[in-house]
Amino acid sequence: MEVMTHSSTFLLPSNHHSSSVTYALVVLNRPLPRFTPLLWNHAQVRVCADGGANRVFDEMPLLFPSDDALDVRQRYKPDIIKGDMDSVRTEVLDFYSNLGTKVVDESHDQDSTDLHKCVAYIRDLTPNLDKSNLCILVAGALGGRFDHEAGNMNVLYRFSTMRLILLSDDCLIYLLPSTHLHEIYIQSSVEGPHCGLIPIGMPSVSTTTTGLQWDLNNTEMRFGDVVSTSNLVRGEKITVQSSSDLLWTISIKV
């Protein structure tokens, strides 16, 4: 079975993360994680999903209280604002448009979420982005309304062949497809130790792990029975092999 490796080096300063990965950033309409500037600096393309532009405009200057707000807004200018345009404020749209931000209005499409629209747009940017090593970071994906969270997790499954990572101040989530053996390299200075493996979509008949406080050994997991929550990482490397796709989550302490 082919091995897929994972590492949260995007939570480290630029001089510590792997240059072999191409990052794109999507900002959703939820409070910005405190480490958003770090994600922004790693990314080669930054997309605001509709009202996510309001968040960048309003909240990014708060992360730099000693800097002039206008300077911060000009420094952290999204490349693209995309969505159905029901949330972004007119003055925010005008401000970024005047700085050269591309605006893509998809108000005609009410069958997909703004995150889905943004991920599809980034996917279709190739070959401008190296798709084989592309990782999409999604800021503000968790917290707030549960139906929004569930919709964001559904996008992980809709784009299961792509690397997407949902981020909040407290944790990250990404999909571990059953087609691969997964090796997860833990950045202990910025993440952990709390973690979990969640079988959403269908039960996992068999899941085996190494490197956790409570490892699974051909364990069946399903809602209504065993689910690996409140687990702990024990070392620098976790391995996961499962008969079904799983969500991996780990706490963030940046």
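## The sheet

Let's start with the sheet in this predicted model. Ten strands build an open sheet, and if you walk across it you meet them in the order 5-4-3-2-6-7-8-15-10-13, with mixed pairing. What stands at the edges? Strand 5 (102–105) and strand 13 (228–232) do. Each of these two has a single partner strand, so one side of each is left without a neighbour in the sheet. Direction ignored, neighbouring strands here are turned by 20° against each other on average.

Now zoom in on one edge. Strand 4, which covers residues 80–83, pairs with strand 5 in the parallel sense, and four bridges connect the two. If you want a spot to look for in the 3D view, find Lys82, which stands opposite Val104 in strand 5.

## A helix on the sheet

Helix 5 (residues 114–123) packs on this sheet. Its contacts take in strand 2 (22–27), strand 3 (43–49), strand 4, strand 5, strand 6 (134–139) and strand 7 (163–167). How does helix 5 point relative to strand 4? The two directions make an angle of about 130°.

## The largest pocket

Next, the open spaces. The largest pocket has a volume of about 710 Å³. Its lining is made of 31 residues, and nearest the centre you'll find Met4, Thr5, His6, Leu134 and Arg163. Two or more lining residues come from each of strand 1 (3–7), strand 6, strand 7 and strand 8 (171–176). Which of the elements gives the most? Strand 1 does, with four residues.

What about the mix of residue classes? This lining has 15 nonpolar, twelve polar and four charged residues.

## The second largest pocket

The second largest pocket holds about 450 Å³ of space. It is lined by 25 residues, and Thr113, Asp114, Leu115, His148 and Asn152 are the closest to its centre. The elements giving two or more residues to this lining are helix 5, the one that packs on the sheet, and helix 6 (146–158). Helix 6 gives the most, with five residues.

Sorted by class, the lining of this second pocket comes out as four nonpolar, eleven polar and ten charged residues.

## A small enclosed space

How many cavities of 30 Å³ or more does the structure hold? The count is one. About 30 Å³ of space lies in this largest cavity. Around it sit Leu176, Pro177, Ser178, His180, His182, Val240, Gln241, Ser242, Ser244 and Leu246.

Strand 14 (residues 237–242) gives the most to this lining, with three residues. By class, the residues around the cavity split into four nonpolar and six polar, with no charged ones.

## Aromatic rings

Finally, the rings. A pair of aromatic rings is described by two things, namely the distance of the centres and the angle of the planes. The count for this structure comes to six aromatic pairs. One of them joins Phe57 and Phe95. Their ring centres lie 5.3 Å apart and their planes make an angle of 75°, which makes the pair edge-to-face, as planes over 60 degrees apart get that label.

Where in the chain do these two rings sit? Phe57 belongs to helix 2 (residues 52–59) and Phe95 to helix 4 (residues 90–98). With their positions 38 residues apart, the pair links distant parts of the chain.

Conventions:
Residues are numbered from 1 along each chain as its sequence is written. This is a predicted model: local features need pLDDT of at least 70, side-chain atom pairs count only at pLDDT 80 or more; totals for chains, interfaces and linings use all residues. Side-chain values use heavy atoms; hydrogens and water are left out. Two strands pair if DSSP finds at least two bridges between them. Axes are lines fitted to C-alpha atoms, for helices over the stretch in contact, and angles run from 0 to 180 degrees between N-to-C directions. Contact means heavy atoms within 4.5 Å. On a 1 Å grid over the protein atoms alone, a cavity is a set of points where a 1.4 Å probe fits but cannot get out, and a pocket is an open set with protein on both sides within 12 Å along at least five of seven lines; lining residues have an atom within 4 Å of a point. Grid points are joined across faces, edges and corners, and a volume is the space filled by probe spheres set on the points. Ala, Val, Leu, Ile, Met, Phe, Trp, Tyr, Cys and Pro count as nonpolar, Asp, Glu, Lys and Arg as charged, and the others, Gly among them, as polar. Rings of Phe, Tyr and Trp (its six-membered ring) pair if their centres lie within 6.5 Å; planes under 30 degrees apart count as stacked, over 60 as edge-to-face and the rest as tilted.
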